[in-house]
Amino acid sequence: MPDSLEQISSEVRVCQKCPLSNGRVHAVPGEGPADAQIMFIGEGPGFHEDQQGRPFVGASGQYLEELLAGIGMNRRQVYIANVIKCRPPGNRDPEPSELAACQGYLDRQIELIQPWVIVTLGRFSMARYFPGQSISRIHGRTKRVGNVYYLPMFHPAAALRTPELRAEMGRDIRRIPELLAELAAARAPKPAAPPQADGEQFEQLSLF
Ligand code: URA
Ligand code: SF4
């Protein structure tokens, strides 16, 4: 059977591949349309996400929705996922072994959705695409690989803690429409080769 987002979600909900399964109320697979052009990748579920089984439904999520509204979008138009699908106790950082255990689910989600723009929120998702980089240095600076853009941003929780980061968050997210426009142009089917001039066509036909 071909893979599907529903299949991944049902595996995640009962996953026991790492010890984070022990303390969770709900695993949080991620949500959004299968054909989303934009995918946000956060860190992992917090308290509210664990309670509800949905990503970014607490204060960080509200702020993410405000940022999206600023570019005329809402959360139902984008795919929202995390690098780790179960809440680490007390919201501690995920361990490398936990990230490794969970990575396959996000890989499969990305493979299915094939987003045009992948926005990483915070250090842990940034590390997938910008290993060894510092977020304060590279946030807002994109990387294009083929027809996909990667846009690293601060985590919304960081901007809630440090209000000076909010102007940068606003600037960074406003890059998305411009990136989509550029990719739309790059992905548009190339116009057919112009028809040959009549004279040339006639000459070729006349060979027969
Ligand atoms: N923070 C995250 O990184 N992910 C969520 O889903 C919620 C808060
Ligand atoms: Fe499975 Fe990921 Fe949850 Fe660990 S965090 S139990 S690997 S879904």
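**A tour from helix α4 to ligand 1**

Begin by selecting Tyr-63, Leu-67 and Leu-68 in α4, and then add Arg-166, Met-169, Gly-170 and Ile-173 in α9, since these are the residues through which the two helices meet. Counted by character, the residues of this contact divide into five nonpolar, one polar and one charged. Keep in mind throughout that the model on your screen is predicted.

Next, widen the selection to the whole of α4, residues 59-70, and the whole of α9, residues 166-173, whose axes come within 9 Å of each other and cross at roughly 50°. The two helices are therefore oblique to one another, and the crossing of α4 and α9 is right-handed.

Stay on α9 and add helix α10, residues 175-187, which packs against α9 at an angle of about 15°, with the axes 4 Å apart. Because the angle is under 35 degrees, α9 counts as roughly parallel to α10. To see where they touch, pick out Arg-171, Asp-172 and Ile-173 in α9 together with Arg-175, Ile-176 and Pro-177 in α10; the residues of this contact are three nonpolar, no polar and three charged.

Finally, move to ligand 1 and show the residues around it, which are Gly-42, Glu-43, Gly-44, Glu-49, Pro-55, Phe-56, Asn-82 and His-155. Which atom of Glu-43 lies 2.7 Å from an oxygen atom of ligand 1? It is a backbone N or O atom of Glu-43. A polar backbone atom of Phe-56 is likewise found 3.0 Å from an oxygen atom of the ligand, whereas Asn-82 places a polar side-chain atom 2.7 Å from a nitrogen atom of ligand 1.

Definitions and conventions
Residues numbered from 1 in each chain as written. Chains lettered and ligands numbered in written order. Predicted model: local features only at pLDDT ≥ 70, side-chain atom pairs only at ≥ 80, totals over all residues. Heavy atoms only, no water. Axes fitted to C-alpha atoms, helices over the stretch in contact; angles between N-to-C directions. Parallel < 35°, antiparallel > 145°, perpendicular 65-115°, else oblique. Left-handed = near helix turned anticlockwise from the far one by under 90°. Contact = heavy atoms within 4.5 Å. Nonpolar A, V, L, I, M, F, W, Y, C, P; charged D, E, K, R; others polar. Near = heavy atom within 4 Å. Polar contact = N/O pair within 3.5 Å; in protein donor to acceptor, adjacent residues only side chain to side chain.
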